Amino acid sequence: TRLWTDYAARWAACDRGSAVYYAAHFDPDLRCADAVQAVAAGRASYQRAPAGACLDFVAAASCDDLEAHLDGRVSQQDCLAAVAGNLPENAWCYSDESCASNVCSGAPESCPSTCFTPHAAGAACDDGRPCAPGYHCDLLHIETQYTCVPLETQGERCMFDPDCQPGLRCDYGVVPSSCQPRRTSGSCSSDAFCTIDRACKSGSCVLPRGLGEVCTQGLNECGEGLWCSGGRCIDGPAAGTSCASVGGEQLTCTGATCLGGE
(Lines give C-alpha, C1' and ligand atoms only; values in the text may rest on other atoms or scores of the structure.)
Protein backbone atom coordinates (compact mmCIF):
# COMPACT_ATOMS: atom_id res chain seq x y z
CA THR A 1 0.00 0.00 0.00
CA ARG A 2 2.83 2.41 0.85
CA LEU A 3 4.58 1.58 -2.41
CA TRP A 4 1.70 2.53 -4.68
CA THR A 5 0.48 5.44 -2.55
CA ASP A 6 3.99 6.94 -2.59
CA TYR A 7 4.43 6.19 -6.27
CA ALA A 8 1.16 7.95 -7.13
CA ALA A 9 2.26 11.08 -5.29
CA ARG A 10 5.71 11.06 -6.90
CA TRP A 11 4.35 10.47 -10.39
CA ALA A 12 1.73 13.21 -10.08
CA ALA A 13 4.56 15.63 -9.24
CA CYS A 14 6.83 14.33 -12.02
CA ASP A 15 4.07 14.54 -14.62
CA ARG A 16 2.52 17.78 -13.30
CA GLY A 17 -0.78 15.91 -13.26
CA SER A 18 -3.72 15.40 -10.96
CA ALA A 19 -2.88 13.76 -7.62
CA VAL A 20 -6.48 12.46 -7.46
CA TYR A 21 -6.18 10.93 -10.94
CA TYR A 22 -2.91 9.14 -10.15
CA ALA A 23 -4.16 7.98 -6.75
CA ALA A 24 -6.95 6.17 -8.61
CA HIS A 25 -4.62 4.96 -11.38
CA PHE A 26 -2.19 3.44 -8.85
CA ASP A 27 -4.92 2.27 -6.45
CA PRO A 28 -3.20 -0.13 -3.99
CA ASP A 29 -6.27 -2.37 -3.81
CA LEU A 30 -5.83 -3.11 -7.50
CA ARG A 31 -2.03 -2.96 -7.81
CA CYS A 32 -1.35 -5.13 -4.77
CA ALA A 33 -3.90 -7.86 -5.49
CA ASP A 34 -1.55 -10.14 -7.46
CA ALA A 35 1.29 -9.80 -4.96
CA VAL A 36 -0.96 -10.45 -1.95
CA GLN A 37 -2.49 -13.50 -3.63
CA ALA A 38 0.94 -14.87 -4.61
CA VAL A 39 2.30 -14.55 -1.06
CA ALA A 40 -0.86 -16.04 0.49
CA ALA A 41 -0.63 -19.04 -1.85
CA GLY A 42 3.08 -19.58 -1.17
CA ARG A 43 4.08 -18.73 -4.73
CA ALA A 44 6.06 -15.71 -3.47
CA SER A 45 7.69 -14.51 -0.23
CA TYR A 46 7.49 -11.05 1.35
CA GLN A 47 10.77 -9.60 2.66
CA ARG A 48 10.46 -6.62 4.99
CA ALA A 49 14.02 -5.20 4.70
CA PRO A 50 14.15 -4.87 0.90
CA ALA A 51 10.56 -3.59 0.98
CA GLY A 52 11.75 -0.66 3.10
CA ALA A 53 14.70 -0.07 0.76
CA CYS A 54 12.29 -0.12 -2.20
CA LEU A 55 10.22 2.63 -0.56
CA ASP A 56 13.42 4.64 -0.09
CA PHE A 57 14.15 4.24 -3.80
CA VAL A 58 10.68 5.50 -4.78
CA ALA A 59 11.11 8.52 -2.50
CA ALA A 60 14.51 9.52 -3.89
CA ALA A 61 14.65 8.29 -7.51
CA SER A 62 14.61 10.70 -10.43
CA CYS A 63 11.45 10.87 -12.53
CA ASP A 64 13.30 9.18 -15.41
CA ASP A 65 14.36 6.29 -13.17
CA LEU A 66 10.83 5.91 -11.76
CA GLU A 67 9.44 5.66 -15.28
CA ALA A 68 12.07 3.11 -16.36
CA HIS A 69 11.40 1.02 -13.26
CA LEU A 70 7.65 1.00 -13.80
CA ASP A 71 7.84 0.05 -17.49
CA GLY A 72 10.37 -2.71 -16.72
CA ARG A 73 13.22 -1.22 -18.75
CA VAL A 74 15.46 -1.05 -15.66
CA SER A 75 14.91 -3.19 -12.57
CA GLN A 76 15.36 -2.11 -8.95
CA GLN A 77 16.66 -5.08 -7.00
CA ASP A 78 15.14 -4.13 -3.63
CA CYS A 79 11.69 -3.76 -5.19
CA LEU A 80 12.05 -7.16 -6.87
CA ALA A 81 13.22 -8.77 -3.62
CA ALA A 82 10.38 -7.25 -1.57
CA VAL A 83 7.96 -9.77 -3.06
CA ALA A 84 10.21 -12.51 -4.40
CA GLY A 85 8.73 -15.21 -6.61
CA ASN A 86 9.30 -18.84 -5.65
CA LEU A 87 8.30 -20.60 -8.87
CA PRO A 88 11.00 -21.97 -11.21
CA GLU A 89 11.31 -21.85 -14.99
CA ASN A 90 8.31 -23.34 -16.85
CA ALA A 91 6.12 -23.53 -13.72
CA TRP A 92 2.50 -22.49 -14.09
CA CYS A 93 1.91 -18.96 -12.81
CA TYR A 94 -0.78 -16.32 -12.49
CA SER A 95 1.30 -13.13 -12.23
CA ASP A 96 4.90 -11.93 -12.52
CA GLU A 97 5.19 -11.79 -8.73
CA SER A 98 4.98 -15.59 -8.53
CA CYS A 99 8.06 -16.29 -10.66
CA ALA A 100 11.69 -16.28 -9.46
CA SER A 101 12.50 -14.57 -12.77
CA ASN A 102 9.69 -12.01 -12.21
CA VAL A 103 8.28 -12.86 -15.65
CA CYS A 104 5.05 -14.83 -16.11
CA SER A 105 4.80 -15.37 -19.87
CA GLY A 106 1.43 -14.51 -21.33
CA ALA A 107 0.00 -12.94 -18.15
CA PRO A 108 -2.62 -11.58 -17.98
CA GLU A 109 -3.77 -12.67 -21.46
CA SER A 110 -3.58 -16.39 -20.63
CA CYS A 111 -4.31 -18.09 -17.34
CA PRO A 112 -2.37 -19.91 -16.14
CA SER A 113 0.80 -18.82 -17.90
CA THR A 114 4.36 -20.09 -17.40
CA CYS A 115 7.45 -18.62 -15.75
CA PHE A 116 10.44 -17.92 -17.96
CA THR A 117 13.77 -16.15 -17.56
CA PRO A 118 14.52 -13.22 -19.88
CA HIS A 119 17.70 -13.43 -21.93
CA ALA A 120 20.90 -12.36 -20.16
CA ALA A 121 23.62 -10.07 -21.50
CA GLY A 122 25.21 -11.47 -24.67
CA ALA A 123 22.51 -14.09 -25.21
CA ALA A 124 20.79 -14.57 -28.56
CA CYS A 125 17.43 -12.81 -28.67
CA ASP A 126 15.94 -13.75 -32.03
CA ASP A 127 13.25 -16.00 -30.55
CA GLY A 128 10.81 -13.25 -29.53
CA ARG A 129 11.65 -13.40 -25.82
CA PRO A 130 12.75 -10.13 -24.20
CA CYS A 131 16.15 -9.31 -22.77
CA ALA A 132 16.57 -8.82 -19.03
CA PRO A 133 15.90 -5.33 -17.62
CA GLY A 134 18.78 -3.00 -18.40
CA TYR A 135 19.38 -4.64 -21.80
CA HIS A 136 17.81 -4.58 -25.26
CA CYS A 137 17.97 -6.80 -28.32
CA ASP A 138 20.57 -5.29 -30.64
CA LEU A 139 19.16 -5.27 -34.18
CA LEU A 140 21.86 -2.98 -35.62
CA HIS A 141 25.34 -4.23 -34.75
CA ILE A 142 24.60 -7.73 -35.99
CA GLU A 143 27.27 -10.22 -36.96
CA THR A 144 25.75 -13.70 -36.83
CA GLN A 145 22.69 -13.21 -34.58
CA TYR A 146 20.76 -10.66 -32.52
CA THR A 147 22.14 -10.38 -28.98
CA CYS A 148 21.18 -8.68 -25.71
CA VAL A 149 23.32 -5.60 -25.02
CA PRO A 150 23.15 -2.83 -22.38
CA LEU A 151 20.74 0.05 -22.98
CA GLU A 152 22.41 2.64 -25.19
CA THR A 153 23.91 5.88 -23.91
CA GLN A 154 23.53 9.33 -25.48
CA GLY A 155 24.80 9.39 -29.05
CA GLU A 156 24.74 5.61 -29.52
CA ARG A 157 22.76 4.15 -32.42
CA CYS A 158 19.24 2.82 -31.81
CA MET A 159 16.09 1.61 -33.54
CA PHE A 160 13.46 2.16 -30.83
CA ASP A 161 12.97 4.34 -27.74
CA PRO A 162 13.29 1.36 -25.30
CA ASP A 163 16.81 0.76 -26.69
CA CYS A 164 17.97 3.87 -24.82
CA GLN A 165 18.81 4.58 -21.19
CA PRO A 166 16.30 6.47 -18.97
CA GLY A 167 15.81 10.09 -20.01
CA LEU A 168 16.74 9.38 -23.64
CA ARG A 169 14.71 8.54 -26.74
CA CYS A 170 15.66 7.25 -30.17
CA ASP A 171 15.93 10.37 -32.34
CA TYR A 172 15.21 9.60 -36.00
CA GLY A 173 15.89 13.23 -36.95
CA VAL A 174 19.63 12.56 -36.97
CA VAL A 175 21.52 10.20 -39.27
CA PRO A 176 22.08 7.56 -38.16
CA SER A 177 19.30 7.48 -35.57
CA SER A 178 20.74 7.71 -32.05
CA CYS A 179 19.75 8.05 -28.40
CA GLN A 180 19.27 11.73 -27.52
CA PRO A 181 17.82 13.59 -24.51
CA ARG A 182 14.08 14.09 -24.42
CA ARG A 183 13.20 17.71 -25.07
CA THR A 184 12.12 20.50 -22.74
CA SER A 185 11.13 22.63 -25.75
CA GLY A 186 11.04 22.47 -29.52
CA SER A 187 9.10 20.37 -32.01
CA CYS A 188 7.41 17.06 -31.21
CA SER A 189 4.80 14.69 -32.58
CA SER A 190 3.98 12.93 -29.28
CA ASP A 191 4.69 13.17 -25.56
CA ALA A 192 7.51 10.63 -26.00
CA PHE A 193 9.64 13.38 -27.55
CA CYS A 194 9.38 15.50 -24.39
CA THR A 195 10.74 15.23 -20.85
CA ILE A 196 8.33 13.69 -18.33
CA ASP A 197 7.21 17.08 -16.98
CA ARG A 198 6.43 18.35 -20.48
CA ALA A 199 3.64 17.52 -22.93
CA CYS A 200 3.44 17.75 -26.70
CA LYS A 201 0.90 20.50 -27.42
CA SER A 202 0.33 21.86 -30.95
CA GLY A 203 3.61 20.32 -32.08
CA SER A 204 5.80 21.72 -29.30
CA CYS A 205 7.08 20.45 -25.95
CA VAL A 206 5.58 22.72 -23.28
CA LEU A 207 5.12 22.74 -19.51
CA PRO A 208 1.48 21.83 -18.79
CA ARG A 209 -0.54 23.90 -16.32
CA GLY A 210 -0.89 22.41 -12.86
CA LEU A 211 -3.85 22.14 -10.49
CA GLY A 212 -5.36 25.57 -9.82
CA GLU A 213 -3.26 27.35 -12.43
CA VAL A 214 -4.80 29.77 -14.93
CA CYS A 215 -5.78 28.23 -18.29
CA THR A 216 -7.84 28.88 -21.41
CA GLN A 217 -10.59 26.38 -22.07
CA GLY A 218 -10.23 24.54 -25.35
CA LEU A 219 -6.43 24.73 -25.51
CA ASN A 220 -5.96 21.58 -23.39
CA GLU A 221 -3.15 23.21 -21.44
CA CYS A 222 -3.59 21.28 -18.18
CA GLY A 223 -1.61 18.26 -16.99
CA GLU A 224 -2.70 14.62 -17.07
CA GLY A 225 -6.01 14.05 -15.28
CA LEU A 226 -6.80 17.80 -15.21
CA TRP A 227 -8.96 19.98 -17.42
CA CYS A 228 -9.71 23.66 -17.77
CA SER A 229 -12.96 24.90 -16.23
CA GLY A 230 -13.74 28.42 -15.10
CA GLY A 231 -10.30 29.57 -16.16
CA ARG A 232 -8.45 27.17 -13.84
CA CYS A 233 -7.10 23.62 -14.11
CA ILE A 234 -9.22 21.27 -12.00
CA ASP A 235 -9.40 17.50 -11.46
CA GLY A 236 -11.13 15.49 -14.17
CA PRO A 237 -14.65 14.11 -13.72
CA ALA A 238 -15.23 11.14 -11.41
CA ALA A 239 -17.36 8.05 -12.08
CA GLY A 240 -21.03 8.83 -12.66
CA THR A 241 -20.49 12.44 -13.76
CA SER A 242 -20.48 13.93 -17.23
CA CYS A 243 -17.31 13.56 -19.29
CA ALA A 244 -18.63 15.15 -22.48
CA SER A 245 -16.15 17.52 -24.11
CA VAL A 246 -16.66 21.13 -22.99
CA GLY A 247 -15.42 23.97 -25.17
CA GLY A 248 -12.99 21.68 -26.98
CA GLU A 249 -11.40 20.41 -23.76
CA GLN A 250 -10.32 16.76 -23.71
CA LEU A 251 -11.57 15.31 -20.42
CA THR A 252 -9.93 12.35 -18.67
CA CYS A 253 -12.01 10.52 -16.10
CA THR A 254 -10.66 9.86 -12.60
CA GLY A 255 -10.82 6.16 -11.75
CA ALA A 256 -13.33 5.51 -14.54
CA THR A 257 -13.79 5.26 -18.30
CA CYS A 258 -15.88 7.67 -20.37
CA LEU A 259 -18.77 5.87 -22.08
CA GLY A 260 -21.58 7.73 -23.81
CA GLY A 261 -20.54 11.05 -22.29
CA GLU A 262 -20.62 9.78 -18.67
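Let me start with one residue, Asp197, which at 26% relative accessibility counts as partly exposed. What we are looking at is a predicted model, and I will keep to a few charged pairs and then turn to one asparagine.

Asp197 forms a salt bridge with Arg198, and the closest N and O atoms of this pair are 2.7 Å apart. Arg198, for its part, has a relative accessible area of 23% and is therefore also described as partly exposed, since that term covers values between 20% and 50%. Elsewhere, salt bridges that share partners join Glu67, Asp71, Arg73 and Arg182 into one network.

As background for anyone new to this, side chains of opposite charge can pair when their charged atoms come close. How many salt bridges does a search of the whole structure find? The search finds nine, and I would like to describe two more of the pairs.

One of them is formed by Arg16 and Glu213, whose closest N and O atoms are 3.2 Å apart. This pair links distant parts of the chain, because Arg16 sits in the loop between α1 (2-15) and α2 (19-25), while Glu213 sits in the loop between β11 (204-206) and β12 (226-229), 197 residues apart. As for accessibility, Arg16 counts as partly exposed at 23%, and Glu213 is partly exposed with a relative accessible area of 33%.

The other pair is Glu89 with Arg129, where the closest N and O atoms are 3.6 Å apart. Here again distant parts of the chain are linked, with Glu89 in the loop between β2 (83-85) and β3 (92-93) and Arg129 in the loop between β5 (113-115) and β6 (135-138), 40 residues apart. Glu89 is partly exposed, at a relative accessible area of 37%, and Arg129 is partly exposed as well, at 32%.

Now to the asparagine, Asn220, which lies in the loop between β11 and β12, the loop that also holds Glu213. Is Asn220 buried or exposed? At 14% relative accessibility Asn220 counts as buried, because the value is under 20%.

Which residues is Asn220 in contact with, once its neighbours within four places in sequence are left aside? They are Lys201, Gly248, Glu249 and Gln250. For two of these we can be more specific: the side chain of Asn220 reaches the backbone oxygen of Gly248 at 3.3 Å, and a polar atom of that side chain lies 2.6 Å from the backbone nitrogen of Gln250.

Notes:
Residues numbered from 1 in each chain as written. Predicted model: local features only at pLDDT ≥ 70, side-chain atom pairs only at ≥ 80, totals over all residues. Heavy atoms only, no water. Salt bridge = Lys/Arg side-chain N within 4 Å of Asp/Glu carboxyl O. Helix = DSSP H or I, 4+ residues; strand = E, 2+ residues; numbered from the N terminus. Buried < 20%, exposed > 50% of the residue type's maximum accessible area, 1.4 Å probe, protein only. Polar contact = N/O pair within 3.5 Å; in protein donor to acceptor, adjacent residues only side chain to side chain. Contact = heavy atoms within 4.5 Å.
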